[in-house]
Every structure is written in structure tokens, then in C-alpha cells.
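Open the model in your viewer and keep the selection panel at hand. The tour goes from one selection to the next and says what is there.

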Amino acid sequence: MGDPDRMPEVTAEDERWMKRALQLAAEAAAIGEVPVGAVVVLDGKEIGAGFNAPISGCDPTAHAEIRAMRDAAARVGNYRLSGATLYVTLEPCTMCVGAIVHARVSRLVYGATEPKAGAIESARRTLEEPHLNWDVVAVGGVLARQCGQVISEFFGRRRADIRRLRNQASGKE
Ligand SMILES: [Zn+2]
């Protein structure tokens with residue numbers, strides 16, 4: 001925290017939109033999906049929103065970022081979202097970083113890092129790969145603690161549910 005190289009230009013506005021993304025993450029948790037939420041903002045207005053829903057949607061691409069960008073592109077009637085900022089509670093995966101570049105999103109703000117699959121700074125640094133033809137300004141660590149907490153709580157609850165079911169099945173309860 002506080003490392004100027006890691007957190008350039010984080011504003012109160014960024015925290016406000018990250019809270020909105022956290023609300024969307026809670027919607028994912030409510031239907032049993034890993035809680036990740038995303039919102040697309042252009043000129044201070046929300047133009048797209050989405051939460052993670054691959055299982056319920058039978059859609060492997062239904063990550064929060066993809067759904068938020070689809071929503072935004074449909075609403076503005078343009079597949080390019082240049083000038084927009086994408087807020088997401090978790091560091092994006094390779095697929096989502098690819099889509100962010102295709103959409104020409106100008107700025108990416110994320111919350112918690114994703115050590116296993118994060119494609120900005122964790123598993124790989126996709127935005128630094130020379131073949132990409134679009135520069136995205138990426139800022140991580142915004143409300144990182146809250147964003148990470150909703151995910152660890154979700155998996156904690158799920159582990160407890162599985163234990164309870166196992167115990168029931170073996171007649172311990
Ligand atoms: Zn993704």
C-alpha cells in the first residue's frame with residue numbers, strides 16, 4: 001500500500017465506482033457464482049454493468065468484465081469503448097484483458113490481485129506484451145481488501161457447505 005509505482009492517480013471517484021462493482025459482485029454471490037463485479041464508466045456515467053455468471057449462464061466467457069463491456073457496447077451502439085474506464089473487483093484473466101484491448105477501453109481499475117490467473121501483474125503481464133496495439137492504463141489495488149474479502153468469504157462458505165453435506169451423508173449430523 002502507498003507504493004507510488006503501483007497506485008498512480010487513484011481518485012475518490014475510483015473508490016466510488018469500485019463500491020458499485022462490489023455491489024455487482026454481491027449479486028454474483030447471491031446466485032452461487034464466484035463474486036466478481038464490473039462496471040464501465042464514460043464521462044462520469046455508468047454505461048455498462050456485469051457480474052460473473054458463467055455457471056448459471058452456461059457461458060464460459062460470462063466473466064464480469066465481458067458482460068459489463070457487452071452491456072456498455074450495446075447501450076452506446078459501438079463496439080469500441082475508447083475513453084471509458086472499466087472497474088472490476090478482481091485482476092482480469094487473459095481472456096478479459098484481450099477483450100479490454102479489443103474494446104479499446106482506455107483505463108482499467110481493479111481491486112484485488114488474482115495470484116493464479118491474473119493477467120496484469122500476477123500470472124503474467126499481458127498489457128506489456130509488444131504485439132498489443134492499444135495502450136490501456138492499468139491501476140490495481142483499489143479497495144483491494146474489500147474486493148478480496150468477498151471472494152474469500154464466498155469460498156469459506158462454500159467449503160463449510162460441502163463439509164456439512166459430507167457429514168450429513170455419512171450420518172454425522
Ligand atoms: Zn476474465
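Select Val40 and then Gly48: Gly48, in β2, is the bridge partner of Val40. This is a predicted model, in which local features need pLDDT of at least 70 and side-chain atom pairs count only at pLDDT 80 or more, while totals for chains, interfaces and linings use all residues. Residues are numbered from 1 along each chain as its sequence is written, and side-chain values use heavy atoms, with hydrogens and water left out.

Widen the selection to β1, residues 37–42, which runs antiparallel to β2 and is joined to β2 by six bridges. Strands (E, at least two residues) and helices (H or I, at least four) are DSSP runs numbered from the N terminus; two strands pair if DSSP finds at least two bridges between them.

Next, show the whole sheet. It is open, with five strands in the order β2-β1-β3-β4-β5 and mixed pairing. At the edges are β2 (45–51) and β5 (137–139), each paired on one side only.

Now add helix α2, residues 64–76, which packs on the sheet and touches β1, β2 and β3 (85–90). Contact here means heavy atoms within 4.5 Å.

Finally, select the zinc ion. His63 (ND1), Cys93 (SG) and Cys96 (SG) coordinate the zinc ion at 2.1 to 2.3 Å. Donors are N, O and S atoms within 2.8 Å of the metal (3.2 Å for Na, K and Ca); water is not among the atoms, so sites may look incomplete. His63 sits in the loop between β2 and α2 and Cys96 in helix α3 (residues 94–102), so the pair ties together parts 33 residues apart in sequence.

Key. Axes are lines fitted to C-alpha atoms, for helices over the stretch in contact, and angles run from 0 to 180 degrees between N-to-C directions.
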